[in-house]
Amino acid sequence: MKENKKISALLAGAVLCSGCMTHGAQFDPNLADRLQPGVSTVQDAAQLLGRPSAESRLANGEALMQWQYVTGTMVGGRGSHLAVLFDSNGRMIRIVHKWSQ
């Protein structure tokens, strides 16, 4: 009987977690307000926000760095996205996108 309760508890936990999903590393997009165009570097951003989730190099040498975090269950979710553009010398140009929910 005790064995059946253990199995039932394990199955219930598996069912509850089967609807869970997480992508990326958690970060605070509001910290990006500390970055300064023309002054802050890619290294400054990584130190403040953590390692970017994605990096895209443009033909002109600029780099678009993106931080992304999403977590959700069957009943709701939340997430954050930040995209920052850097020049070919690694200096910040501007925040392209900032979103958090």
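This report describes the fold, the nonpolar core and selected side-chain pairs of one protein chain.

The model is predicted, so that local features need pLDDT of at least 70 and side-chain atom pairs count only at pLDDT 80 or more, whereas totals for chains, interfaces and linings use all residues. Residues are numbered from 1 along each chain as its sequence is written, and side-chain values use heavy atoms, with hydrogens and water left out.

**Overall fold**

The protein chain holds two helices and five strands, which follow one another from the N terminus in the order α-β-α-β-β-β-β; helices (H or I, at least four residues) and strands (E, at least two) are DSSP runs, numbered from the N terminus. Of its 101 residues, 27% count as buried, where buried means under 20% relative accessible area, exposed over 50%, and partly exposed in between, with a 1.4 Å probe and protein chains only. The accessible surface comes to about 6900 Å², and 55% of this surface belongs to carbon and sulfur atoms; the areas come from the Shrake-Rupley method with a 1.4 Å probe, and for residues only the protein chains shown count as cover. Among contacts (heavy atoms within 4.5 Å) between residues at least 6 apart in sequence, 41% join residues at least 24 apart.

**Core and strands**

The largest nonpolar core has 12 residues in all, among them Phe-27, Leu-49, Trp-67, Tyr-69, Phe-86 and Met-92. Helix 2 (42-49), strand 3 (63-73) and strand 4 (76-86) are the elements that give two or more residues to this core. A nonpolar core is here a set of buried Ala, Val, Leu, Ile, Met, Phe, Trp, Tyr and Cys residues joined through side-chain atoms within 4.5 Å. Leaving aside residues up to four places away in sequence, the core residue Tyr-69 touches Thr-22, His-23, Gly-24, Ala-25, Gln-26, Phe-27, Arg-78, Gly-79 and Ser-80.

Met-21 lies in strand 1 (residues 21-24) and, with the same sequence neighbours left out, touches Val-70, Thr-71 and Gly-72. Met-21 is partly exposed, at a relative accessible area of 42%.

Strand 2 (residues 54-57) and strand 3 pair in the antiparallel sense over four bridges, pairing being assigned if DSSP finds at least two bridges between two strands. Ser-56 has Leu-64 of strand 3 as its bridge partner, and in the hairpin of these strands, with five residues between them, Gly-61 takes a positive phi near 95 degrees.

**Side-chain pairs**

His-81, in strand 4, is buried at a relative accessible area of 14%. Its side chain makes a polar contact of 2.8 Å with the side chain of His-97; such a contact is a pair of N or O atoms within 3.5 Å, and within protein one must be able to donate a hydrogen and the other to accept it, while residues adjacent in sequence count only if both atoms are side-chain atoms.

Side chains of opposite charge can pair when their charged atoms come close. The whole structure has two salt bridges, each defined as a side-chain nitrogen of Lys or Arg within 4 Å of a carboxyl oxygen of Asp or Glu.

| Salt bridge | N to O distance |
|---|---|
| Lys-98 and Asp-33 | 2.8 Å |
| Arg-57 and Glu-55 | 2.8 Å |

The pair of Lys-98 and Asp-33 links distant parts of the chain, 65 residues apart, with Lys-98 in strand 5 (residues 92-100) and Asp-33 in the loop between strand 1 and helix 2. Lys-98 is partly exposed at 34% relative accessible area, whereas Asp-33 counts as exposed at 52%. In the other pair, Arg-57 is exposed at 57% and Glu-55 counts as partly exposed at 44%.
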